[in-house]
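Morning, everyone. I've got one structure to walk you through today, and I'd like you to keep it open while I talk.

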Amino acid sequence: MPQITTRIEGALLIIEVHGDMVCSEAISVILEHYAHDTVKDVVWDFTNGSILKTTDSEFRSIALAVKRTVDQGYRKGGRTVFVGNETVEYGLLRMYTAIAETMGVNISYNVFKTLDEAKCWLVGKNT
């Protein structure tokens, strides 16, 4: 079971994953933390974690959970950035963003290999 830590810095929710995360754990974090008026942007940091066990249908379930919170008015105009430094992890995270976008999740997504790149994107210094 992974260790997942969360912290809120203003309108930014930072989620750090240590170990192998599974779908149910991702959805738990989403349901607990996304439906807050203060949270707009989210960083999922997989630098020390993994989503390799997540299937295509599980990615769809995760995207559906996000869509439901966004459709309720939370995170309006928000952005989500994923950090995955391994090539396979990076590719899977890119695949998730494509799934979420095709499902109509109204959030801007991006994926980077470093936390510094992700933070630059969030403050508008990287496109």
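I'll go through the cavities, then the nonpolar cores, then a few individual residues. Keep in mind that this is a predicted model.

Okay, cavities. How many are there of 30 Å³ or more? The structure holds 2. The largest comes in at about 140 Å³. It's lined by 15 residues, and the ones closest to its centre are Met-21, Trp-44, Ile-62, Phe-82 and Tyr-96. Which elements each supply at least two residues of that lining? That would be α1, residues 23-33, β3, residues 41-50, then α2, β4, and α3, residues 87-102. The largest share is from α2, with 3 residues. As for the chemistry, the lining has 14 nonpolar residues, 1 polar and no charged ones.

Now the second largest cavity, with a volume of about 30 Å³. Its lining is made up of Arg-7, Ile-14, Glu-16, Val-43, Leu-115 and Lys-119. Here β2, residues 12-20, and α4, residues 115-122, each put in at least two residues. By class, this lining has 3 nonpolar residues, no polar ones and 3 charged ones.

On to the cores. As a bit of background, nonpolar side chains in soluble globular proteins tend to be buried together. In this model the largest nonpolar core has 31 residues, and Trp-44 and Tyr-96 touch the most other members. The elements giving two or more residues to this core are β2, α1, β3, α2, α3 and β5, which is 108-112. Who gives the most to this core? That's α2, with 6 residues. There's also a second, separate core of 9 residues, with Ile-14, Val-43, Val-83 and Leu-122 among them. You've heard Ile-14 and Val-43 already, in the lining of the second largest cavity.

Let's stay with Trp-44 for a moment. Leaving out residues up to four places away in sequence, what does Trp-44 touch? The list includes Ile-15, Val-17, Met-21, Ala-26, Val-29, Ile-30 and Tyr-34, and it also takes in Thr-80, Val-81, Phe-82 and Val-83.

That brings me to Thr-80, which sits in strand β4. Is Thr-80 buried or exposed? With a relative accessibility of 2%, Thr-80 counts as buried. Its side chain makes a polar contact with the side chain of Arg-75, at 2.8 Å. Setting aside neighbours within four places in sequence, Thr-80 is also in contact with residues including Tyr-34, Val-42, Tyr-109 and Trp-121.

So what about that arginine? Arg-75 is in the loop between α2, 56-71, and β4, 79-83. Only 3% of its accessible area is left in relative terms, so Arg-75 is classed as buried. Now look at its backbone: phi is near 60 degrees, which is positive, and this isn't a glycine. For context, most residues other than glycine have a negative phi.

Last one, Ser-50, in strand β3. Ser-50 counts as buried too, with 8% relative accessibility. A polar atom of the Ser-50 side chain lies 3.0 Å from the backbone nitrogen of Leu-52. Beyond four places in sequence, Ser-50 touches Gly-19, Asp-20, Met-21 and Glu-89. And Met-21 takes us back to where we started, since it's one of the residues closest to the centre of the largest cavity.

That's my tour. Thanks for listening.

Methods. Residues are numbered from 1 along each chain as its sequence is written. This is a predicted model: local features need pLDDT of at least 70, side-chain atom pairs count only at pLDDT 80 or more; totals for chains, interfaces and linings use all residues. Side-chain values use heavy atoms; hydrogens and water are left out. Helices (H or I, at least four residues) and strands (E, at least two) are DSSP runs, numbered from the N terminus. Buried means under 20% relative accessible area, exposed over 50%, partly exposed in between (1.4 Å probe, protein chains only). On a 1 Å grid over the protein atoms alone, a cavity is a set of points where a 1.4 Å probe fits but cannot get out, and a pocket is an open set with protein on both sides within 12 Å along at least five of seven lines; lining residues have an atom within 4 Å of a point. Grid points are joined across faces, edges and corners, and a volume is the space filled by probe spheres set on the points. Ala, Val, Leu, Ile, Met, Phe, Trp, Tyr, Cys and Pro count as nonpolar, Asp, Glu, Lys and Arg as charged, and the others, Gly among them, as polar. A nonpolar core is a set of buried Ala, Val, Leu, Ile, Met, Phe, Trp, Tyr and Cys residues joined through side-chain atoms within 4.5 Å. Contact means heavy atoms within 4.5 Å. A polar contact is a pair of N or O atoms within 3.5 Å; within protein, one must be able to donate a hydrogen and the other to accept it, and residues adjacent in sequence count only if both atoms are side-chain atoms.
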